[in-house]
Structures are given as C-alpha cells and as structure tokens.
Amino acid sequence: CSAPQTDAAGRQFVEVSWPGETLYPGNAETDSRRVRLKLTAPGWNPSDDWSHFALKTEPGIQPRLPVYQAGKQIAGEKPQ
C-alpha cells in the first residue's frame, strides 16, 4: 500500500498493488482475492469521503473504488 497521495483536485488516495501477480475476474470459489484495507486518520469523517458513500458490506467490486490493470481502469468509478 502506498503512502497517502493527493491528486490535482486535492483528493487524497492510496494505491494498493500486487507486483508480479495476475489478477482477473473469475468465480468466487476458484479465482477470487479478498482484500481488507483499513485506513485511519485524525479528523477523518466518513460522511465527507466520496468512496465511503457507496461502500458495500458484501464481497465484490466496490462501486467507488477504481481498479486498474496496466494503467487501464477496469472496474469501479473515479471521483468526478
């Protein structure tokens, strides 16, 4: 996981990567990977966090957590 970064619009984010790993869609029994990421920061307010707004509790692609492969977005949304 990277250190916190800031984009051109002032939004902060972290990157999580698996160098040397091939990730691809598959079925939940044979081709899945579960990631648990816990971020904390002084003064963090989840009601002001764009990605937290639509966070689902069940496993799966999170709608507001973009996923990239080789620099190409393949799932999730980016902030507008």
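**Figure 1. The whole chain and its surface.** The accessible surface of the chain comes to about 7100 Å², and carbon and sulfur atoms own 52% of that area. Keep in mind that this is a predicted model. Not much is tucked away here: of the 80 residues, 4% count as buried. Looking at contacts in the chain with a separation of 6 or more, 14% come from residues 24 or more positions apart.

**Figure 2. The run of elements along the chain.** The chain has one helix and four strands. Start at the N terminus and you read them off as β-β-α-β-β.

**Figure 3. The hairpin of β3 and β4.** Here we zoom in on β3, residues 67-69, and β4, residues 72-75. The two strands pair up in the antiparallel sense, with three bridges between them. Across the pairing, Q69 sits opposite K72 in β4. Two residues lie between the strands of this hairpin, and A70 is the one to check on your Ramachandran plot, with a positive phi near 50 degrees.

**Figure 4. The salt bridge of R11 and D7.** The structure has just one salt bridge, and this view shows its two partners, R11 and D7. Their side chains meet at 2.9 Å, N to O. That falls within the 4 Å cut-off, so the pair counts as a salt bridge. In general, side chains of opposite charge can pair when their charged atoms come close. How covered up are the two partners? R11 is partly exposed, at 32% relative accessibility. D7 is partly exposed too, with a relative accessible area of 26%.

How values were computed. Residues are numbered from 1 along each chain as its sequence is written. This is a predicted model: local features need pLDDT of at least 70, side-chain atom pairs count only at pLDDT 80 or more; totals for chains, interfaces and linings use all residues. Side-chain values use heavy atoms; hydrogens and water are left out. Buried means under 20% relative accessible area, exposed over 50%, partly exposed in between (1.4 Å probe, protein chains only). Contact means heavy atoms within 4.5 Å. Accessible areas come from the Shrake-Rupley method with a 1.4 Å probe; for residues, only the protein chains shown count as cover. Two strands pair if DSSP finds at least two bridges between them.
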